[in-house]
Amino acid sequence: QVQLVESGGGLVQVGGSLRLSCAASGRTFSSYAMGWFRQAPGKEREFVAAIAWSSGRTNYADSVKGRFTISRSNVQNTVYLQMNSLKPEDTDVYYCAARPFDNIRYSTTYYLRYTYDFWGQGTQVTVST
């Protein structure tokens, strides 16, 4: 059974940094892609970043490019989201997700939340002014 557990959220001031972690278990994730999504109350869950576990290839939403970095640790089976230069509009619940990696479709579908099969419970990030 796949389990994804996020941690690292919290309260931070504008311009500050946070690192989110997603501990993955229950499967060998080398053939998976991992994503981070975020959601505010009353809004749709939106794509933030994704990484293909095996190759390490990354993709980002335009709103976080240059500020956020997604990475993974093969030893710890953990995916990270380093968030720098945080803005008030980054305030959301952040979710980790996993999907089997499909080399043909991945490049055009990595940002689609419905293509991810497994989700964590979410961690709150609040950026204060």
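**Exercise 1.** Work out how strands S7 and S8 pair and over how many bridges.

*Solution.* Start with the ranges: S7 covers 68-73, and S8 covers residues 78-83. Strands here are DSSP runs (E, at least two residues), numbered from the N terminus, and two of them pair if DSSP finds at least two bridges between them. S7 and S8 are joined in the antiparallel sense over 6 bridges. As a check, look across from Ser 71: Tyr 80 in S8 stands opposite.

This is a predicted model, where local features need pLDDT of at least 70 and side-chain atom pairs count only at pLDDT 80 or more, while totals for chains, interfaces and linings use all residues. Residues are numbered from 1 along each chain as its sequence is written, and side-chain values use heavy atoms, leaving out hydrogens and water.

**Exercise 2.** Place S7 and S8 in their sheet.

*Solution.* The open sheet has 4 strands in the order S1-S3-S8-S7, with antiparallel pairing. Its edge strands are S1 (3-7) and S7, each pairing on one side only.

**Exercise 3.** Explain why the salt bridge between Asp 90 and Arg 38 ties together parts separated in sequence.

*Solution.* First apply the criterion: a side-chain nitrogen of Lys or Arg within 4 Å of a carboxyl oxygen of Asp or Glu. The closest N and O atoms of this pair are 2.9 Å apart. Next, locate the partners: Asp 90 lies in the loop between S8 and S9 (92-100) and Arg 38 in S4 (residues 32-39), so the pair ties together parts 52 residues apart in sequence. Finally, both residues are buried (under 20% relative accessible area, 1.4 Å probe, protein chains only).

How values were computed. Buried < 20%, exposed > 50% of the residue type's maximum accessible area, 1.4 Å probe, protein only.
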